[in-house]
Amino acid sequence: MKRFSILLVILVTIGLIFAAPKEQKSKEPDVTLQLSLYLSQNFGLNFSVGISATYDLNEGKSVKLPKPKKHPHDIEIKYPKGKKGVEVELVLDSGVIFKTENVTVKELEKNKYRFELAKNSEPSHLIILSGKEVLFAITALPTSTGKVMISYWYRQ
């Protein structure tokens with residue numbers, strides 16, 4: 001009986017060790033899905049008619065994005081050191097407009113703007129349009145690790 005009790009304690013201990021919950025990786029929201037849903041719900045746009053890319057940006061870094069059709073200017077997203085969120089400076093030609101959600105917009109000069117995204121925990125959306133046609137779209141979302149996840153969609 002004593003051997004049985006010891007064996008039972010050992011088995012229960014081993015069972016508890018292996019049954020302990022594994023450390024789970026914090027699951028970040030899918031920023032590409034957020035952008036796809038936003039474009040679909042607000043512009044009736046099928047995400048598959050363009051090209052998309054996703055980036056993780058660390059503080060002090062920047063990324064240059066591919067140029068979309070009908071937008072000849074460079075697009076660079078910067079994550080300045082010591083600032084909250086990311087910045088995009090864009091030159092918008094005549095007839096090109098923007099729509100934003102959860103974005104701070106500053107006019108730097110005529111047709112040149114600075115867009116500040118991901119300044120809080122909500123997703124930020126920046127949509128650039130020519131008439132009713134979406135040229136490109138950016139969604140930014142800060143993560144719990146201090147990075148900013150960027151989803152970029154554009155027409156080729």
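This is a chat about a predicted model and how its strands, cores and a few residues fit together.

Colleague: I'm new to this one. Which residues touch the most other members in the largest nonpolar core?

Modeller: Those are Ile77, Val86, Leu90, Leu117, Phe136 and Ile138, out of 28 residues in that core.

Colleague: And which strands supply at least two residues of it each?

Modeller: Quite a list: S1 (51-57), S2 (62-65), S3 (75-78), S4 (86-91), S7 (112-117), S8 (124-130), S9 (133-142) and S10 (148-154).

Colleague: Take Leu117, then. What is Leu117 in contact with, leaving aside neighbours within four places in sequence?

Modeller: Its contacts are Gly85, Val86, Val88, Val103, Ser124, Leu126, Ile138 and Ala140. Val86 and Ile138 also appear among the core residues I named a moment ago.

Colleague: What about the second, separate core?

Modeller: That one has 10 residues, including Phe47, Ile127, Leu129 and Val134.

Colleague: Switching to the open sheet: in what order do the strands come?

Modeller: There are 5 strands, ordered S2-S3-S4-S7-S6, with antiparallel pairing. S2 and S6 (104-109) are at the edges with a single partner strand each, so one side of each has no neighbour in the sheet. On average, neighbouring strands here are turned by 20 degrees against each other, ignoring direction.

Colleague: How many bridges join S6 to S7?

Modeller: 5 bridges, and the two strands run antiparallel. As one example, Lys106 has Arg114 in S7 as its bridge partner.

Colleague: Now Lys69. Where is it?

Modeller: Lys69 is in the loop between S2 and S3.

Colleague: Why does Lys69 count as partly exposed?

Modeller: Because its relative accessibility is 43%, and partly exposed covers what lies between 20% and 50%.

Colleague: Which residues does Lys69 contact beyond four places in sequence?

Modeller: Leu135, Arg155 and Gln156. Gln156 is 87 residues away along the chain, yet the C-alpha atoms of Lys69 and Gln156 are separated by 5.2 Å.

Colleague: Is Ser151 buried or exposed?

Modeller: Ser151 is buried, at 0% relative accessible area. Its place is in strand S10.

Colleague: What does the side chain of Ser151 make a polar contact with?

Modeller: With the side chain of Thr32, at 3.5 Å. Not counting residues up to four places away in sequence, Ser151 also touches others, among them Val31, Leu35, Ala53 and Ile138.

Colleague: Last topic: how many aromatic pairs are found in the whole structure?

Modeller: The search finds 7. Phe98, Tyr113 and Phe115 form one aromatic cluster.

Conventions: Residues numbered from 1 in each chain as written. Predicted model: local features only at pLDDT ≥ 70, side-chain atom pairs only at ≥ 80, totals over all residues. Heavy atoms only, no water. Core = buried A, V, L, I, M, F, W, Y, C linked by side-chain atoms within 4.5 Å. Buried < 20%, exposed > 50% of the residue type's maximum accessible area, 1.4 Å probe, protein only. Helix = DSSP H or I, 4+ residues; strand = E, 2+ residues; numbered from the N terminus. Contact = heavy atoms within 4.5 Å. Pairing = 2+ DSSP bridges. Axes fitted to C-alpha atoms, helices over the stretch in contact; angles between N-to-C directions. Phe/Tyr/Trp six-rings, centres within 6.5 Å; stacked < 30°, edge-to-face > 60°. Polar contact = N/O pair within 3.5 Å; in protein donor to acceptor, adjacent residues only side chain to side chain.
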